[in-house]
Amino acid sequence: MSAKINCFIPFQDKDQVKETVRNLKSSELVSKIYLLAQTGADAEFEGCSVLQVDSLNSTETIKAIAQKADAEYSMIYTKYTTLELGYFALERFVRIAEDSGASMLYADYYQIVNGKKSAAPVIDYQFGSLRDDFNFGSLLFYNSRALRCGAERMKQDYKFAGLYDLRLKVSQKGALVHINEYLYSEIELDNRKSGEKIFDYVDPKNRGVQIEMEQACTEHLKEIGGYLEPKFKHIEFNENNFEYEASVIIPVFNRIRTIRDAIKSVLSQQADFKFNLIVIDNHSTDGTTAAIDEFSSDKRLIHLIPERNDLGIGGCWNLGVHHPSCGKFAVQLDSDDVYSGPDTLQKIVNAFYEQNCAMVVGTYMMTNFNMEMIAPGIIDHKEWTPENGRNNALRINGLGAPRAFYTPVLREIKVPNTSYGEDYALGLKFSRVYQIGRIYDVLYNCRRWDDNSDASLDIVKMNNHNLYKDRIRTWELQARVALNKK
């Protein structure tokens, strides 16, 4: 194989790029190496050209790369750490690119943390993989023609969303192919646990980034026929007769340390309507069952133990929602969290009527086990707007908490019988037809501790979770495209 690849490498200083450049020069496939350097940086390096850029992720940078992408393929590396290519890795990228006709390729890789190498498999890209934080790894291998075509079709001038916008544009015209092989190693400097990373996208300091990402995603949805205008089905809440106005639903399994706090926070609610609490105890073995029974004297508490042994959190929700004593509105509370005050339930029910919505999402505060606020603090999901929330929901990985649902619609849709992502699936499905109401008062203290379902996940579990949410997005996006075609 002759030289076929132009390589684009972020430049911070000469020591940082030295090994990466040496690795690339050793391949006869590499045609040119460009160092992406901030204006004014001393980026002269033997055998490399300098490309002055404002930032790695801007539209201006992407278009500058596209102008230099005159080889058959273009490799963009996105980290300021050393890239170590696997044995004949570039040959493998080229071979799969030729065989598949892909517009972009990415591969599994090894991650080096504190000198220790570990496998970092990634997941397949699909129609609904619209998350701007989708993990491709740090090596993006483009067909240069697809890269140039994508850059030419970029309409906005983004500071943060340029690389994301390029990916969306390229995906409209060709496949983004995952090579299930470990083709390179990279050094990873972010050593936080999974539970500490998942809220980065709602950190207030990242708000400017999120606004651009939303604009790019919305434009993409319009171009592929998946955008929904802000027109919603009206609800007549007096169509059904319910004994209770609201029911709080708590699925629980082995939460002896927290279930009492959760129950107390519900039973202490003050409201001008009749409500109850349905606890679905999914065969706990640690004393949780007995702890729930301590509150049996309060007739508002309904304690259910499923006859089935195959229910996840979603299945437990279905059991509670289809109970004959479930109220008109079904309100979520996790078994290790608490409402922030005695007026939470009243605020949620009021929102259904005031905003004429079939689902309500509140605001919560991140706390430690002792319910002391921890970073990032208050999670308000202000990226959700009445005008565009239903579209932006396809880009983000969650909608917020606490969540509440109009029971007749929830009984019709039903909850996926999973223990992760079931709430997100409901949010997408509800928002296809109905308005989702928002409350920006803090309604909920969300405890972060070692027993949280997403506190510290290994790479396999994280990938499974992300793959499932991408599947949910794909199904929803397909449904919306079909709806618009009608």
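A residue counts as buried when its relative accessible area is under 20%. That cut-off is used in the legends below, which describe a predicted model.

**Figure 1. Overview of the whole protein.** The predicted model contains 15 helices and 18 strands. Its radius of gyration is 25 Å, close to the 23 Å given by the globule rule for 486 residues, so the protein is as compact as a globular protein of that length. The C-alpha trace spans about 80 × 50 × 40 Å along the principal axes. Of the 486 residues, 57% are buried. Among contacts with a separation of 6 or more, 80% link residues 24 or more positions apart.

**Figure 2. Surface and charges.** The protein exposes about 21,100 Å². Carbon and sulfur atoms supply 48% of that area. There are 58 positive and 66 negative charges. The mean positions of the two sets are 3 Å apart.

**Figure 3. Close-up of Ser138.** Ser138 sits in the loop between β7 (116-120) and β8 (139-143). Is Ser138 buried or exposed? Its relative accessible area is 2%, and the cut-off for buried is under 20%, so Ser138 is buried. The side chain of Ser138 makes a polar contact of 2.2 Å with the side chain of Glu186. Glu186 also appears among the contacts of Ser138 beyond four places in sequence. The others in that list are Ile76, Tyr77, Thr78, Lys79 and Tyr184.

**Figure 4. Close-up of Val17 in helix α1.** Val17 belongs to helix α1, which covers residues 14-25. With a relative accessible area of 0%, Val17 is buried. Which residues touch Val17, leaving aside its neighbours within four places in sequence? They are Ile9, Pro10, Phe11 and Phe45. Phe45 is 28 residues from Val17 along the chain. The C-alpha atoms of Val17 and Phe45 are separated by 9.1 Å.

**Figure 5. Helix α10 and its surroundings.** Helix α10 runs over residues 313-321. Seven of its nine residues are buried, so the helix is largely enclosed by the rest of the structure. Which residues of α10 are buried? They are Gly314, Gly315, Cys316, Trp317, Asn318, Gly320 and Val321. An α-helix has 3.6 residues a turn, so residues three or four places apart point the same way.

**Figure 6. Two cis peptide bonds.** Most peptide bonds are trans. The bond joining Ala375 and Pro376 is cis, with omega about 5°. Pro376 lies in strand β16, residues 373-379. The bond from Ala401 to Pro402 is cis as well, with omega near -5°. Pro402 is in a loop, between α12 (389-392) and β17 (403-406).

**Figure 7. Positive phi at Asn254 and Met371.** Most residues other than glycine have a negative phi. Asn254 has a positive phi, near 50°. Asn254 is placed in the loop between β10 (246-252) and α8 (259-267). Met371 is not a glycine either, and its phi is positive at about 65°. Where does Met371 lie? Met371 is in the loop between β15 (359-367) and β16. Its relative accessibility is 30%, so Met371 counts as partly exposed.

Definitions and conventions:
Residues are numbered from 1 along each chain as its sequence is written. This is a predicted model: local features need pLDDT of at least 70, side-chain atom pairs count only at pLDDT 80 or more; totals for chains, interfaces and linings use all residues. Side-chain values use heavy atoms; hydrogens and water are left out. Helices (H or I, at least four residues) and strands (E, at least two) are DSSP runs, numbered from the N terminus. The radius of gyration is taken over C-alpha atoms; the globule rule is 2.2 Å times the number of residues to the power 0.38. Buried means under 20% relative accessible area, exposed over 50%, partly exposed in between (1.4 Å probe, protein chains only). Contact means heavy atoms within 4.5 Å. Accessible areas come from the Shrake-Rupley method with a 1.4 Å probe; for residues, only the protein chains shown count as cover. Lys and Arg count as positive and Asp and Glu as negative; His and the chain ends are not counted. The place of a charge is taken as NZ of Lys, CZ of Arg, CG of Asp or CD of Glu. A polar contact is a pair of N or O atoms within 3.5 Å; within protein, one must be able to donate a hydrogen and the other to accept it, and residues adjacent in sequence count only if both atoms are side-chain atoms.
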